[in-house]
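Q: Please take a close look at chain A and describe how it is built and what it touches.

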There are 2 protein chains.
Amino acid sequence: MDKPNELVKLESERLWDQAFEQLKSAIYAGRFGPGSVLPLRSLAETFGTSITPVRDAVSRLVSLGVLERGARNAAIVPFVTTAKLESLTQVRCEIEGLAAREAARHATPEAAEGLADQLAHMKELIRTESFDTYLEAHRAFHFQIYAMAGNPILSELIETLWLRFGPVLTFVVPAYVKLLKGTDHHIQVVGAIRGGDSAAAEAAIVSDIREAADYIASLADGGGVIHAPVTP
Amino acid sequence: MDKPNELVKLESERLWDQAFEQLKSAIYAGRFGPGSVLPLRSLAETFGTSITPVRDAVSRLVSLGVLERGARNAAIVPFVTTAKLESLTQVRCEIEGLAAREAARHATPEAAEGLADQLAHMKELIRTESFDTYLEAHRAFHFQIYAMAGNPILSELIETLWLRFGPVLTFVVPAYVKLLKGTDHHIQVVGAIRGGDSAAAEAAIVSDIREAADYIASLADGGGVIHAPVTP
DNA sequence: GTACGTCGTCTGTTATAACAGACTTCAGTC
DNA sequence: GACTGAAGTCTGTTATAACAGACGACGTAC
């Protein structure tokens with residue numbers, strides 16, 4: 001007798017992982033405006049599951065700081081304020097600065113070359129105005145650097161920081177890139193890592209983060225709340 | 001009546017928060033050895049609830065890095081290795097250094113005084129050899145400093161780092177304190193914060209963290225795994 | 001004695017229903 | 001007409017049961 005179950009493709013994507021990813025993407029994509037509540041049952045209906053996996057995903061996102069708890073413990077998409085942005089920026093500069101520094105110390109020539117390739121790819125995406133693809137390439141570029149630091153906890157931590165940032169990054173980065181800002185810092189980072197200059201690498205990353213934060217802060221309204229530009 | 005220590009959240013009556021806290025405490029207390037699996041149903045039976053709240057608590061602890069997933073997605077208490085310790089120490093130095101620096105910049109005289117009081121309290125606990133109480137006082141001392149930085153995200157992040165550390169801290173700190181180590185750094189931190197010297201505050205905190213890490217690393221076996229000293 | 005198959009039990013996973021609190025709405029009373 | 005109270009509906013919370021995969025024990029066949 002043969003083994004009939006041998007080729008069963010392991011679609012072990014747990015439902016709550018699917019829910020987690022979908023929810024995360026939806027927030028990243030700005031499908032839920034800041035302050036909007038996310039009822040479990042509606043989410044479950046949207047995802048086509050029961051509320052159990054959704055519940056878990058929401059709970060995890062809350063503990064990661066991506067979502068917050070409102071009245072009646074309902075999950076809400078947090079507002080991004082200038083105060084939060086400043087707190088986040090301060091932490092990001094410190095921790096991503098460390099990552100860049102360590103990356104420059106440990107970088108192999110091959111890894112530095114891969115970084116340069118990625119940068120060229122990003123430049124091409126800017127040239128062709130593929131801003132949505134650029135968002136992911138930009139993210140990959142940064143995390144490629146952080147992975148080079150060889151510190152898993154560091155990378156993990158930075159990812160949670162970026163998650164908190166999620167909703168704003170999406171609509172900010174394309175507009176930011178159109179101003180042709182940030183690219184200089186990216187070039188400098190790659191150069192510093194190539195040359196093993198950790199101080200320069202850290203300085204370039206910090207400048208990148210700080211400059212972007214200043215730009216984002218300029219989008220705030222009188223109450224310090226940051227809004228997305230109106231998109232038709 | 002103010003509550004300076006917002007880490008104590010007794011308000012929540014929700015079972016999963018209770019389960020979360022109990023589970024965390026149990027891990028902190030070293031009730032589960034590294035590598036031991038935590039079946040949901042046993043935990044639920046221990047806590048006197050169904051598996052639903054336990055499931056959520058475990059899931060949150062996993063996403064915070066306190067627990068890990070083993071075979072069959074079972075929750076396991078992670079081993080602490082010298083490699084992980086080094087990664088963690090690097091991040092802690094950077095981020096808690098930032099916190100100490102900012103605390104020194106923003107400290108009010110009253111807050112600095114409260115810190116000195118806490119330090120005196122700790123000294124008294126050492127004198128009377130109340131090492132289990134000292135553990136909590138030590139933790140409160142550090143987070144009192146970090147709260148003074150006025151950056152909620154920073155405090156939150158540091159807490160997750162301490163959580164990852166949890167199992168080792170418990171059995172390391174008392175032994176460490178008996179060697180009368182660390183107290184000097186604590187005194188220096190308070191002095192620096194009193195004088196508004198951010199560089200000195202950061203240096204003292206970094207020394208504190210690094211020295212403790214070196215001590216902990218000395219407890220590792222040949223495989224780089226850190227074990228608790230045998231306690232009868 | 002060894003190998004293999006089967007069954008029972010354990011695990012996490014998911015769905016569903018029952019529960020409790022809060023808000024809205026609508027009707028009844030002053 | 002305004003206020004009050006009750007019911008209905010929404011919310012998150014929790015328990016329970018059904019499910020599927022993995023692992024081990026036990027028994028049978030060679």
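A: **Chain A and its surroundings**

Chain A has nine helices and three strands; these are DSSP runs, helices being H or I with at least four residues and strands being E with at least two, numbered from the N terminus. The model is predicted, so local features need pLDDT of at least 70 and side-chain atom pairs count only at pLDDT 80 or more, while totals for chains, interfaces and linings use all residues. Residues are numbered from 1 along each chain as its sequence is written, and chains are lettered from A and ligands numbered from 1 in the order in which they are written.

Along the sequence, the elements of chain A come in the pattern α-β-α-α-β-β-α-α-α-α-α-α. Its C-alpha atoms fill a box of roughly 70 × 55 × 35 Å, taken along the principal axes. Of its 232 residues, 33% count as buried, a term that requires 20 or more other C-beta atoms within 10 Å of a residue's own; exposed means 12 or fewer, partly exposed lies in between, and C-beta atoms are placed from the backbone.

The domain assignment divides chain A into domain 1 (15-76) and domain 2 (82-217); such bounds come from an automatic or database domain assignment. The C-alpha centres of these two domains of chain A are 27 Å apart. Eight residues of domain 1 of chain A are in contact with seven of domain 2 of chain A, where contact means that two C-beta atoms, placed from the backbone, lie within 7 Å. On the domain 1 side, the touching residues are six nonpolar, two polar and no charged. Here Ala, Val, Leu, Ile, Met, Phe, Trp, Tyr, Cys and Pro count as nonpolar, Asp, Glu, Lys and Arg as charged, and the others, Gly among them, as polar.

Next comes the interior. The largest nonpolar core has 74 residues, and those with the most contacts inside it include Ala99(A), Ala103(A) and Ile193(A), as well as Ala99(B). A nonpolar core is a set of buried Ala, Val, Leu, Ile, Met, Phe, Trp, Tyr and Cys residues joined through C-beta atoms within 7 Å. Apart from that core lies another of 15 residues, among them Trp16(A), Phe20(A), Leu61(A) and Val66(A). Leaving aside neighbours within four places in sequence, Ala99(A) is in contact with Ile145(A), Tyr146(A), Ala149(A), Leu154(A) and Ile158(A).

The contact between the protein chains takes 19 residues from chain A and 19 from chain B. On the side of chain A, α3, α4 (82-106) and α7 (152-178) each give two or more residues, and α4(A) gives the most, with seven. By class, this side has nine nonpolar, six polar and four charged residues.

Chain A also takes part in the surroundings of the DNA. DNA strand C is surrounded by 19 residues, the closest being Leu15(A), Ser50(A), Pro39(B), Leu40(B) and Asn73(B); a residue is near a strand if its C-beta atom, placed from the backbone, lies within 6 Å of it. Two or more residues of this surface come from each of α1 (15-28) and α3 (51-63) of chain A and α2 (40-47) of chain B. For DNA strand D, the closest residues include Pro39(A) and Asn73(A).

One loop residue remains. Arg72(A) sits between β2 (68-69) and β3 (75-76) of chain A. Its phi is near 60 degrees, a positive value in a residue other than glycine. Arg72(A) is exposed, with 6 other C-beta atoms within 10 Å.
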